[in-house]
Amino acid sequence: MKSVAVVGANLAGGRAVEALRTAGFEGAITLIGEEPWRPYERPPLSKEVLWDPKGSTDELFLHEEAWYEKNRIDLRLGERAEALDLSAGAVQLQGGKLIEADRILLATGGAARRLNMEGADAVNLHYLRTLGDASRMAADLTDGARVVIIGMGVIGAEVAASALKLGCQVTAVEPLAAPMIRALGPQFGHWLGEEHRRQGVDTRFGCGVVAMKVVDERVTAVELDDGSQVECDAVVVGIGIDPEISLARDAGLKTSNGIRVDRQCRTSNPMVFAAGDVAEQDGFFGGHIRHETYQNASDQAAAAAMAMLGQEVDYHKPVWYWSDQFDLNIQFCGHIPMDAQVTVRGDIESNVFSAFFQSGGIIEGMLAINNARDMGIGKRLVERRLAADAASLADADFSLRDLLKAPR
């Protein structure tokens with residue numbers, strides 16, 4: 001292999017080219033990104049960038065510009081990859097230029113899912129996916145501004161917390177019964193909803209948006225399906241992302257809810273790999289799944305780089321993610337099985353606790369609130385599919401580390 005083209009100058013793309021050079025690959029590397037910025041981290045977009053929009057963004061970037069020059073990474077920023085020419089072994093850029101490569105990595109991520117109603121393109125209606133999105137949103141999240149958040153997944157919940165911190169009046173609208181309920185389950189979704197209410201968010205759970213009132217290209221009010229109307233100065237929409245699969249699909253690669261990859265991060269074409277938010281991989285607990293998390297994007301991209309170099313790779317991990325809201329550090333690993341037995345360790349009222357989700361005695365998921373120490377061990381418990389009795393898990397004096405010493 002003499003050349004690699006990476007489509008997506010994001011966290012996954014950035015980590016992939018870094019891993020290639022770290023592993024000693026000396027061939028040509030081209031990193032293609034539609035955004036004008038070199039690879040950066042997205043978690044601060046919903047927090048630090050909103051809190052201090054005039055502050056420096058230097059800490060967001062994975063590397064300084066000089067790093068890419070030193071490591072001979074051909075950065076093609078602000079350029080869109082239009083097609084894969086697999087017969088020629090190349091990526092076609094907008095304008096027709098071909099970037100030839102022996103291996104191609106698709107780290108195309110996803111695009112924020114859009115509302116389908118009048119007002120969806122209003123100047124004060126915001127989606128959060130890029131640094132530019134965050135900068136535009138920050139201009140509207142001013143002290144006293146009335147902000148409506150539509151969708152209370154991770155992005156919506158984090159922006160709600162940030163907007164409140166900035167002095168905004170926040171109304172959160174979520175069709176489901178609680179924020180992040182798909183990720184946290186009903187019990188802890190409702191706990192998080194109560195935390196948002198306690199902090200001052202006007203929560204409208206179990207409600208959907210049916211219309212928006214637009215005046216002079218700005219949304220001035222949002223109408224809910226319970227008949228109520230919420231006046232606003234800005235709207236933030238966080239209803240998920242759609243994976244960017246068009247390049248792969250048009251090239252005939254296998255796609256579904258993402259670009260299907262095996263445990264070597266290889267697509268249905270042996271010269272093309274995929275990693276990050278767009279990759280639909282073997283689920284740790286069965287089936288196929290996409291992980292829209294920082295850690296997966298970073299780890300899977302590095303694994304893909306090693307696989308492209310011909311090294312032995314078996315990328316197959318339970319998901320782990322974190323979210324910071326108010327004074328809460330929320331971490332989750334694994335999944336919540338349908339028949340989950342839930343065991344709480346610590347005091348929920350204190351907002352310092354852990355929860356374990358078991359099926360047949362096996363630990364399949366873990367939630368840690370302001371308890372990174374437990375999660376450090378819990379991730380290994382989930383990954384090893386270890387069993388434990390509920391009484392031991394609930395006992396704060398019992399050492400979780402002792403479970404790691406037990407035979408698998």
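Buried means under 20% relative accessible area. Keep that cut-off handy for these exercises, and remember that the model is predicted.

**Exercise 1. Work out why helix 4 counts as largely enclosed by the rest of the structure.**

Solution.
- Step 1: find the helix. Helix 4 covers residues 131-140.
- Step 2: pick out its buried residues. They are Leu131, Gly132, Asp133, Ala134, Met137, Ala138 and Asp140.
- Step 3: weigh that up. Seven of the ten residues are buried, so helix 4 is largely enclosed by the rest of the structure.
- Step 4: look at what does the covering. Among the elements over those buried residues are helix 2 (48-51) and helix 5 (154-165), along with strand 9 (125-127), strand 14 (218-224) and strand 16 (234-237).

**Exercise 2. Find out which parts of the chain the salt bridge between glutamate 41 and arginine 15 ties together.**

Solution.
- Step 1: check the pair. The closest N and O atoms of glutamate 41 and arginine 15 are 3.9 Å apart, and a salt bridge needs them within 4 Å.
- Step 2: place each partner. Glutamate 41 sits in the loop between strand 2 (28-33) and helix 2, while arginine 15 belongs to helix 1 (residues 11-22), so their bridge ties together parts that are 26 residues apart in sequence.
- Step 3: compare them with the cut-off. Arginine 15 has a relative accessible area of 18%, so it is buried. Glutamate 41 comes in at 21%, so it counts as partly exposed.
- Step 4: look for company. Arg15 and Glu41 are linked with Glu18 in a network of salt bridges.

**Exercise 3. Start at serine 392 and follow its contacts to a salt bridge.**

Solution.
- Step 1: locate the serine. Serine 392 is in helix 10 (residues 390-394). Its relative accessible area is 18%, so it is buried.
- Step 2: list its contacts. Setting aside neighbours within four places in sequence, serine 392 touches Arg345 and Phe398.
- Step 3: move on to the arginine. Arginine 345 forms a salt bridge with aspartate 374, at 3.3 Å from N to O. That pair links strand 25 (residues 341-347), home of arginine 345, with helix 9 (residues 372-383), home of aspartate 374, across 29 residues.
- Step 4: check both partners. Arginine 345 and aspartate 374 are buried.

**Exercise 4. Decide whether aspartate 402 and lysine 405 are buried, partly exposed or exposed.**

Solution.
- Step 1: take the aspartate. Aspartate 402 has 36% relative accessibility, so it counts as partly exposed.
- Step 2: take the lysine. Exposed means over 50%, and lysine 405 reaches 65%, so it is exposed.
- Step 3: put them together. The two form a salt bridge, with their closest N and O atoms 3.5 Å apart. The whole structure has 28 salt bridges.

Note on methods: Residues are numbered from 1 along each chain as its sequence is written. This is a predicted model: local features need pLDDT of at least 70, side-chain atom pairs count only at pLDDT 80 or more; totals for chains, interfaces and linings use all residues. Side-chain values use heavy atoms; hydrogens and water are left out. Helices (H or I, at least four residues) and strands (E, at least two) are DSSP runs, numbered from the N terminus. Buried means under 20% relative accessible area, exposed over 50%, partly exposed in between (1.4 Å probe, protein chains only). Contact means heavy atoms within 4.5 Å. A salt bridge is a side-chain nitrogen of Lys or Arg within 4 Å of a carboxyl oxygen of Asp or Glu.
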